[in-house]
Structure formats: structure tokens, C-alpha cells
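The following exercises concern empty space and a bound molecule. Work through each task with the structure open before reading its solution.

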Amino acid sequence: MELWYTEKQTPNAGLTCTVKKTLLRCQTKYQELAVVDTFQFGRMLVLDGMVQTTAMDEFVYHEMIVHVPMFTHPSPRNVVVIGGGDGGTVREICKYPSVERVVLVEIDAQVVEAARRFLPELSYCLDDPRVEIHYTDGIEYIHSLDEFCDLIIVDSTEPVGPAIGLFDAPFYRAVFKALKKDGILVAQTESPFYNAELIRSVFPRIKGAFPAAYLYLASVPTYPSGLWSFTMGSKRYDPLSPQGTFSPGNTRYYRPEVHRASFVLPRFVQELIE
Ligand code: SAM
């Protein structure tokens, strides 16, 4: 008998795939946590029924949320990741020799435990000596940050539950204050097809907190609609004139040409941010 997992991405559409085995399913203090082994996408981390990352396509999302800002900045040393409990974002940051400190601020320790146990190819850099993990709310953490940082990456779940406040103007203003005078924010900002209204409201909040804001895109097959957006707030540097000198060689999606192309927006997406 075939077993299928379905994520309802809207009330009327979703992603469905055959399942080899459910490796973990539990209720944490914050969400329902599952790790499912699938034939098409490999192992998949699912929170509250929503696909967070899969072995098959995680490289796209993690390379694009990290290397675009890391190559835009001349020499990022101090990076904060909010969310990101699967470890994929931290893995990509640790590729940079210039990085001295990575702080992962993940509210749910059980997500990190599950990633260490079932997704070692994503989580292995969580043991890098430069990495610190704080199991706390990213919103509170940002307000209490005592050392300015070069880059803050918001690798959060959808704007539900504890993540809602990570998409609000006060949070972006707090991020601005937590960044150095040439710091950069990048946040995952969902799908232009399914979450147009979110992008329409979040982009101006980031643009209102920073001198400049940019939206860029990547194709992530297992995310709703397959087209995903990231929004950058930058205090000084223009991502289309990247200042970085180190471009990680071992990437499978990110290349300097893809960096530039990701900011070329289809008209319907450009209209969301005008
Ligand atoms: N790449 C995924 C995406 O784009 O949807 C996100 C992956 S990561 C697993 C998302 C993490 O954000 C979850 O582990 C969740 O616990 C965490 N999270 C949600 N709200 C948070 C908050 N306020 N502070 C810290 N972590 C939070």
C-alpha cells in the first residue's frame, strides 16, 4: 500500500509525495515536529504540516539566503541567524574563513535535536567552534543584543505562531539597531504567487527601516508554488555591486551570475514592491 504525505499550501492546492517512512513525529512546546523520509525529496523536515526543508532541494534555499548577503558585504565576521534550526543556513555561513562568530537563535531546541539526528548533512556545522546556539525567541534576542553584527538572517517559519513578530516593523527597526553601520538583513519572505499580500506589506516595512531594500528570487521546488522570495535591507552595500572577495566554490545553485540574475524580477513581482 502506498503512503502519501500532503502539505496543503493553500486551502485548494498542495504538495503531495509518497512516503518511505515517518522517522519522527512529536508535539513540541511550539509546534508539531516531523521528519519524513520520502521517495522524491529524501528526508523532509515538517513543522505544523508545512515543509521546512528537504534533502533534495535545501541547497537552493540555504545557498541563496546566505551567499547573496555574504558576497554583498566585504568581510562579514559576526552573523546572527534567527530560526534556522535545521542548520543549513549555518552550514553555508561556516564556509567563510572571515566569519568569527555565528549565533543561531532558535526558539525550539527539539528542531535542532531532530536535525542533528536525522539531517546530519544540514546540521553538521552546528558543532563548528565559531557557532553559538541560543534557544530563545529571536524577537527578544534582537532587542537584547549587546554586540553589533554584520549580518542578520531571518530563516524563520511562515508568519504563524512565534514567527509572526519576525515580520513586523518594530522587529525590523530593532534589527537595524543591532547591525553595524554597514550591516545587512536578509529575511525569507515567502512566495510571490501565494503570499503576494505578505510581500506587499513586509517589503515597505524593511524599506522603512533601512536606507535601501531589495527583493530577490530563487526556485525551491518543495516550497509553495516553487518560487521563493528573500528581502534584503542594507545600510550601505548594494547587492548588485557586491564587495565580497571570497566566493565559496562548493555551491550547487549560487554563482555570481545567479546572484545578479536573482534580483531581476518578473513584472508581477516588481509590482508587489513598487
Ligand atoms: N527554511 C524554512 C522556511 O523558509 O520556511 C525555515 C526553516 S527553520 C526550521 C524555521 C525555524 O524558525 C523553526 O525551527 C522555528 O522553530 C523557528 N522559529 C519560529 N519563530 C521563531 C522565533 N520567534 N525565534 C526563533 N526561532 C523561531
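A cavity is a set of grid points, taken over the protein atoms alone, where a 1.4 Å probe fits but cannot get out. The model used here is predicted.

**Exercise 1.** Determine how many cavities of 30 Å³ or more the structure holds, and describe the largest cavity.

Solution.
- Step 1: The count at or above 30 Å³ is 1 cavity.
- Step 2: The space in the largest cavity comes to about 370 Å³.
- Step 3: Its lining is made up of 32 residues, and Q52, G83, D155, S156 and T157 are the closest to the centre.
- Step 4: The ligand takes up the space of this largest cavity.

**Exercise 2.** Describe the shell of residues around the ligand by class and by domain.

Solution.
- Step 1: There are 25 residues around the ligand, of which Q31, E106, G138, P162 and Y223 come nearest.
- Step 2: Sorted by class, the shell has 10 nonpolar, 10 polar and 5 charged residues.
- Step 3: Domain 1 (4-54) and domain 2 (58-273) each supply at least three residues to the shell.

**Exercise 3.** Find which protein atoms lie within 3.5 Å of ligand oxygen atoms as polar contacts, starting from Q31, E106 and S156.

Solution.
- Step 1: In E106, a side-chain N or O atom is 2.6 Å from an oxygen atom of the ligand.
- Step 2: For Q31, a polar side-chain atom lies 3.0 Å from a ligand oxygen atom.
- Step 3: S156 uses its backbone, with an N or O atom 3.4 Å from an oxygen atom of the ligand.
- Step 4: The ligand taken alone exposes 600 Å², and the protein buries 100% of that area.

Note on methods. Residues numbered from 1 in each chain as written. Predicted model: local features only at pLDDT ≥ 70, side-chain atom pairs only at ≥ 80, totals over all residues. Heavy atoms only, no water. Near = heavy atom within 4 Å. Polar contact = N/O pair within 3.5 Å; in protein donor to acceptor, adjacent residues only side chain to side chain. Areas by Shrake-Rupley, 256 points an atom, 1.4 Å probe, with all protein chains shown as cover. 1 Å grid on protein atoms, 1.4 Å probe; cavity = no way out; pocket = protein on both sides within 12 Å on 5 of 7 lines; lining within 4 Å. Sits in = over half its atoms within 2 Å of the grid points. Nonpolar A, V, L, I, M, F, W, Y, C, P; charged D, E, K, R; others polar. Domains from an automatic or database assignment. Points joined across faces, edges and corners; volume = space filled by probe spheres on them.
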